[in-house]
Amino acid sequence: MIVLLMGAPGAGKGTQAELLAERLGYLKISTGDVLRSHIKNETEIGLLVKSIMAKGDLVSDQILMSILEQEFARAGSRDILLDGYPRNLGQARALEGTIKVPVRAAVHLDVPDEILISRLSGRRVCVSCASTFHISLLEIGRTEICGKCGGKLVQRPDDSEASVVHRLNVYNEQTAPMLERFKVTGSYRRVDGDGPTEVVFARIKEALQLVSA
Ligand code: AMP
């Protein structure tokens, strides 16, 4: 069984996926994280996708399919939380036709555009532990040091202003229409993604309980 966590870049999918995995026991598969680890490790895939991701474009469906097959094989019989997939029609079809895992819920974290832009352009990520922070909440003079591990905080290449605008366009054109598919199958659940992390988490939990009831 699989739960999809969907929503625009900056909607908080990564943060909520972590919590869902930690507290509800899902095996989290975040396609963005897997791709970033390929870049970090300079694998063949990493070298292929680095510039595509920095611009905010989508990586090819073929690469995503090979990543998912590997990750799904690792999951065994565990319930999966998929963060960042499907992102276009080809991927939605692959999920239904090739991967054939039943989708229990497609949770749509819905956040207004102006909040998404502020979250993304102010986001800083620790190169060591991958924790994320917002620049407005960091102490003056300590905007480059991770409060959790002391690592260096940087801006993701795809969080630059030009890439953020492009990623939102890509989302609106290619990913948002996918939500309609899940409305038709009855697995769609809209969750208000604007609010403190714990409040949004409680909303997601409630939406998932309604699905399983
Ligand atoms: P994310 O961390 O989910 O915001 O993803 C960061 C970037 O990774 C995206 O802008 C894409 O370049 C790439 N990416 C992640 N997931 C996918 C996917 N399912 N299909 C294509 N590209 C993806």
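A residue is taken as exposed when its relative accessible area is over 50%. In this predicted model, Ala130 has a relative accessible area of 52% and is therefore exposed. Ala130 lies in the loop that links strand E5 (123–126) with strand E6 (132–134), and its phi is near 70 degrees, which is a positive value in a residue other than glycine.

The two strands on either side of this loop belong to an open sheet of three strands, arranged in the order E6-E5-E7 with antiparallel pairing. Strand E6 and strand E7 (153–154) occupy the edges of the sheet, and each has a single partner strand, so that one side of each is left without a neighbour in the sheet. Between E5 and E6 the antiparallel pairing extends over three bridges, and Val125 is placed opposite Thr132 of E6. Helix H6, formed by residues 113–121, lies across E5 and E6 and runs at about 40 degrees to E5.

Two further loops hold notable backbone features. In the loop between helix H2 (31–40) and helix H3 (44–55) is Glu42, for which phi is near 50 degrees, again a positive value in a residue other than glycine. Glu42 counts as exposed because its relative accessibility is 60%, a value to be read against the cut-off of over 50%. In the loop between strand E3 (80–83) and helix H5 (89–99) lies Pro86, which is joined to Tyr85 by a cis peptide bond with omega at about 0 degrees.

Note on methods. Residues numbered from 1 in each chain as written. Predicted model: local features only at pLDDT ≥ 70, side-chain atom pairs only at ≥ 80, totals over all residues. Heavy atoms only, no water. Helix = DSSP H or I, 4+ residues; strand = E, 2+ residues; numbered from the N terminus. Buried < 20%, exposed > 50% of the residue type's maximum accessible area, 1.4 Å probe, protein only. Pairing = 2+ DSSP bridges. Contact = heavy atoms within 4.5 Å. Axes fitted to C-alpha atoms, helices over the stretch in contact; angles between N-to-C directions.
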